[in-house]
2 protein chains.
Amino acid sequence: MREKNAQKKAIKLSDVALRANVSVVTVSRALRQPELVSQNTRDKIADAVKTLGYVPNPAAQALASARSRLIGVVIPSLTNQIFADLLRGVMDGLEGTTYIPQFVNTRYKLTREEDLLRVFATQRPAGMIVAGIDQSAAARQLLQEMGCPVVQVMETTPDPVDMVIGCDQQDAGRAAVRHLIDQGYRRIGFLGARMDPRAQRRLAGYNDIMSAHGLSDDALVITTPHPSAYSVGGQLMADLLASAPDADAVFCNNDDVALGALFECQRRGLRVPEQMGIVGSNDLDVVSCSVPTISSVRTHRYETGLTAVNMIMNHLNGTPLEQRIIDAGYDVMVRSSTSRQKKGG
Amino acid sequence: MREKNAQKKAIKLSDVALRANVSVVTVSRALRQPELVSQNTRDKIADAVKTLGYVPNPAAQALASARSRLIGVVIPSLTNQIFADLLRGVMDGLEGTTYIPQFVNTRYKLTREEDLLRVFATQRPAGMIVAGIDQSAAARQLLQEMGCPVVQVMETTPDPVDMVIGCDQQDAGRAAVRHLIDQGYRRIGFLGARMDPRAQRRLAGYNDIMSAHGLSDDALVITTPHPSAYSVGGQLMADLLASAPDADAVFCNNDDVALGALFECQRRGLRVPEQMGIVGSNDLDVVSCSVPTISSVRTHRYETGLTAVNMIMNHLNGTPLEQRIIDAGYDVMVRSSTSRQKKGG
DNA sequence: CTGTTAGCGCGTTCAT
DNA sequence: ATGAACGCGCTAACAG
């Protein structure tokens, strides 16, 4: 029988007050608004805090102030690496503050998102970061009633709940397809997994450019509700070649799909970029070192996470950014998988 | 000027009590120990709860009971996909319960881990899940004093803080190298990124087998403190070929390194598996569809997350598993990258 | 089975 | 610049 884990007794504000020989409120003030406390008592309190090892009880703080130090982060999934990148940005952005992120995933279900928001509402979060702009009406309302700064991320919209930072996914789709056309590809397919709202908008961008060039053909659009994954990319490419054997390029809604598609080409002996051009989305680490390297539309997930946190922090500090809508942009990273044109001039 | 986000007034226990015409405690009991409340009042309360839309205030619960519904999850990083897999398991395992996971990352720093644990300690978590078994003495003590079930994950040890689930990393390393030797490889290199404790133990396993066969050679061991990444794999392979040009196989401490190494071989025209055998670690999705497919030592991260949660839940339900130490095992997934032997018999 | 009485540790008035 | 008093919403003893 091992010892039952003995909880260490927690030091509280009154303990500190006793040790420093001042009242509880004074300690509380010294901690939150030091400028209102004399230098002398401030030092005594700092001393007591240190020797006793006092750490505030967040539950008591939250209860008394009706406000927690939680930053709620709502993403659809953790399988897709882009959201892991976003989270890293959020975590790093919160570094050094006393705020704590709390992540949940919606599994791409709007009703689940509402439920999760309801849970968050009871926590009185200090701020909320939610992926996407396609919340249900109920979810939007819940976010508004949350009584804290809210940042939608990964996309842009003229009508955010509160603030928004991300990129224009449809425009990114257009840029990708334009690049392929510039390189001389014409029978350009679209490979899409999961087909969440962001994927839908990338597809819309694809359609914009294809129809503008009179290149539209339903046989070229291959999608699946399956989550994005390397293995799915291979299957989608196979389906495309069955549907449109003369396809000469693909735009993929994620880089794992793009890499999977490349592997499928290699299995079939299709030369990339000569016989098949490939453009991915998001510019994951892997596509810049594959053989051949894969062109991709880079998005700035990590930076988006960082900035979203900053937007919230500024708001909480009473200095909200004038800019409620931030376009994080995108970059078309041109690599070997689309370099069919002769180089340079 | 847009309306200031108006906080919705929260419904509390006393509101429900009023509506149901019973005392506050009765409501509280009806919610937590329904069997102690008569069917009649239970129904009245359920009604009131539903019509008022009552949701408990976790801060108040935590304060009054000195216990939160948080499950603390401490991982070193979110960059490595294996931890994202673990998190998915934890999230899914918590699905349907009223417990909420809270993730933090140590960035592979022991002192940071201690700090984070101190923060968790103030939250009175319901349970803790921590990656690895190499906590500092201070961290171990903090975990013990947490007063809640603790599960260490990703490795095994005869001496866990409380409970542990994971695999024997050193043994996994041995199995990988044994497989390469069985396939006829002899000049087997080790490619290791980051070199955290798990990587160290995989290396130890590699050393065990290599020296047992009299194949040891320092020139074959290439490591870097850099975080594991696809691009790092290429560099490590290049370094190995500079250090030991006659190397004929590699064991990599992660699959991104393995894939990066494969790409490097392709760039150099080295045929895999004929001229270079490759075994990765963890069996990420991507290595089963690359060309060629890559052999890897599969670990069960998702299942580990699920089980860790179950271990904690059982503990909280008063029915702790008799088994405090669980070996989640590993599997050597044999694929094309090491299939040098003639097939079948 | 149900209610009464006390806090949990902190923030927020209002005084001084 | 400092302190006393009260309450946040809930749980935990005890009574009845």
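This is a working chat about a predicted model, covering two domains of chain A and the surface near DNA strand D.

Biologist: What should I know about the numbering and the model before we start?

Modeller: Residues are numbered from 1 along each chain as its sequence is written, and chains are lettered from A and ligands numbered from 1 in the order in which they are written. The model is predicted, with local features needing pLDDT of at least 70, side-chain atom pairs counting only at pLDDT 80 or more, and totals for chains, interfaces and linings using all residues, while side-chain values use heavy atoms and leave out hydrogens and water.

Biologist: How is chain A divided?

Modeller: Into domain 1 (2-56), domain 2 (70-168 + 301-330) and domain 3 (169-298 + 332-338). Those bounds come from an automatic or database domain assignment.

Biologist: How many residues are in contact between domains 2 and 3 of chain A?

Modeller: 17 residues of domain 2 touch 17 residues of domain 3. Contact means heavy atoms within 4.5 Å.

Biologist: And what area is buried there?

Modeller: About 1400 Å², with carbon and sulfur atoms giving 47%. Buried area is the accessible area (1.4 Å probe) that two parts lose on being put together, summed over both.

Biologist: Which three residues of domain 2 supply more of its buried area than any other three?

Modeller: A:Tyr108, A:Asp168 and A:Tyr330, with 42% of what domain 2 buries against domain 3.

Biologist: How many salt bridges between these domains?

Modeller: Three. A salt bridge here is a side-chain nitrogen of Lys or Arg within 4 Å of a carboxyl oxygen of Asp or Glu.

Biologist: Changing topic. Which residues come nearest to DNA strand D?

Modeller: A:Thr26, B:Lys12, B:Leu13, B:Val25 and B:Tyr54, out of 24 residues around the strand. A residue is near a strand if one of its heavy atoms lies within 4 Å of it.

Biologist: What share of the strand's atoms within 4 Å of the protein is sugar and phosphate?

Modeller: 64%.

Biologist: Where does A:Arg29 reach on the strand?

Modeller: A polar side-chain atom of A:Arg29 lies 3.0 Å from a base nitrogen.

Biologist: What about phosphate oxygens?

Modeller: One is 3.0 Å from a polar backbone atom of A:Ser38. B:Tyr54 has a polar side-chain atom 2.4 Å from a phosphate oxygen.

Biologist: How many residues of each class are on that surface?

Modeller: 13 nonpolar, eight polar and three charged. Ala, Val, Leu, Ile, Met, Phe, Trp, Tyr, Cys and Pro count as nonpolar, Asp, Glu, Lys and Arg as charged, and the others, Gly among them, as polar.

Terms used. Polar contact = N/O pair within 3.5 Å; in protein donor to acceptor, adjacent residues only side chain to side chain.
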